[in-house]
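Student: Could you take me through one part of this model in close detail? I'd like to hear about the metal site, and then whatever else you think deserves a look.

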Amino acid sequence: MRVLLVEDDRMIGQAVQTALRQDGYAVDWMRDAESADTALTTANFDLVLLDLGLPGRDGVSLLHAMRGRHDATPVLIVTARDEVHDRIGGLDAGADDYLVKPFDLDELGARMRALLRRSAGRGEAVFEHRGVRIDPATREVTRGGESITLSPREFAVLEALVLRPGAVLSRAQLEDRLYGWGESVESNAVEVYIHGLRRKLGHDFVQNVRGVGYFVPRDESQGTG
Ligand code: CA
């Protein structure tokens with residue numbers, strides 16, 4: 001999952017970026033609304049963490065611009081305690097949720113997962129797919145009660161594919177979810193993670209459409225859900 005962090009406070013930004021990267025998110029950090037706007041029109045993000053009080057143009061203005069061009073990326077706004085009007089303004093401008101500073105990083109993680117589920121049209125917190133159970137909160141993967149150890153990036157690839165069974169993601173789309181700008185990408189990185197997933201979950205768990213990309217087949221036992 002790729003997250004755009006918009007935050008001008010160096011300490012908060014650093015703490016959030018570090019925590020999210022440890023959780024396997026690709027994070028791009030922008031310090032002002034202009035750079036964030038450019039980033040949003042250049043790459044695809046799964047979620048935006050938006051501080052409202054920014055130097056120059058504020059967060060609400062960025063949000064208006066996003067929703068004005070029908071960019072439906074989930075937005076979680078982050079505001080100071082006394083900015084109640086800003087929170088209302090942010091929600092009315094199209095934000096999906098908000099968090100008040102100072103916030104707990106675990107709560108941030110839980111709210112992000114809830115928004116990501118909702119944007120994928122899924123209500124359940126734990127995914128079961130073809131006998132494999134995936135818990136995004138604890139990052140635990142099990143099959144038949146047995147724990148399967150995945151690297152953070154293998155987990156990120158698995159999560160991206162399982163959120164939308166049947167949807168084919170290209171190598172570039174998967175790389176987008178795994179790496180922020182400035183992070184070097186080995187040319188065969190995605191193939192390596194797919195290989196690892198197949199070795200651990202079974203060759204058929206992840207399938208490919210030659211020259212197009214990768215997908216996990218829909219689970220027949222779960223209907224079309
Ligand atoms: Ca700020």
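Tutor: Here is a walk through the metal site, followed by a helix pair and a few backbone details. Keep in mind that this is a predicted model.

Let's start with the calcium ion. Three residues coordinate the calcium ion: Asp8 and Asp51 each through OD, and Gly53 through its O, with distances of 2.2 to 2.3 Å. Along the chain, those donors follow the spacing D-x42-D-x1-G. How exposed are the donors at the 51 and 53 positions? Asp51 has a relative accessibility of 4%, and since the cut-off for buried is under 20%, Asp51 counts as buried. Gly53, at 38%, falls between the 20% and 50% limits, so Gly53 counts as partly exposed.

Now for the helix pair. Two packed helices are described by the angle between their axes and the distance between the axes. For helix H6 (residues 152-163) and helix H7 (residues 171-178), that angle is about 125 degrees, and the axes lie 10 Å apart. An angle like that makes H6 oblique to H7. The crossing of H6 past H7 is right-handed. On the H6 side, the contact is made by Arg153, Ala156, Val157 and Ala160, while H7 brings in Leu174, Arg177 and Leu178. Sort the residues of this contact by type and you get five nonpolar, two charged and no polar.

On to the backbone, where three loops are worth a stop. The loop between strand S5 (97-101) and helix H5 (105-119) holds Pro102. The peptide bond joining Lys101 to Pro102 is cis, with omega at about -5 degrees.

Next comes His70, which sits in the loop between helix H3 (59-68) and strand S4 (75-80). His70 isn't a glycine, yet its phi is positive, near 60 degrees. Is this residue buried or exposed? With a relative accessible area of 73%, His70 is exposed, because the cut-off for that is over 50%.

Arg139 is another residue with a positive phi, about 60 degrees, despite not being a glycine. You'll find Arg139 in the loop between strand S7 (132-135) and strand S8 (140-143). Its relative accessibility is 26%, so Arg139 counts as partly exposed.

Note on methods:
Residues are numbered from 1 along each chain as its sequence is written. This is a predicted model: local features need pLDDT of at least 70, side-chain atom pairs count only at pLDDT 80 or more; totals for chains, interfaces and linings use all residues. Side-chain values use heavy atoms; hydrogens and water are left out. Donors are N, O and S atoms within 2.8 Å of the metal (3.2 Å for Na, K and Ca); water is not among the atoms, so sites may look incomplete. Buried means under 20% relative accessible area, exposed over 50%, partly exposed in between (1.4 Å probe, protein chains only). Axes are lines fitted to C-alpha atoms, for helices over the stretch in contact, and angles run from 0 to 180 degrees between N-to-C directions. Helices (H or I, at least four residues) and strands (E, at least two) are DSSP runs, numbered from the N terminus. Angles under 35 degrees count as roughly parallel, over 145 as roughly antiparallel, 65 to 115 as roughly perpendicular and the rest as oblique. A crossing is left-handed if the near helix is turned anticlockwise from the far one by less than a right angle, and right-handed if clockwise. Contact means heavy atoms within 4.5 Å. Ala, Val, Leu, Ile, Met, Phe, Trp, Tyr, Cys and Pro count as nonpolar, Asp, Glu, Lys and Arg as charged, and the others, Gly among them, as polar.
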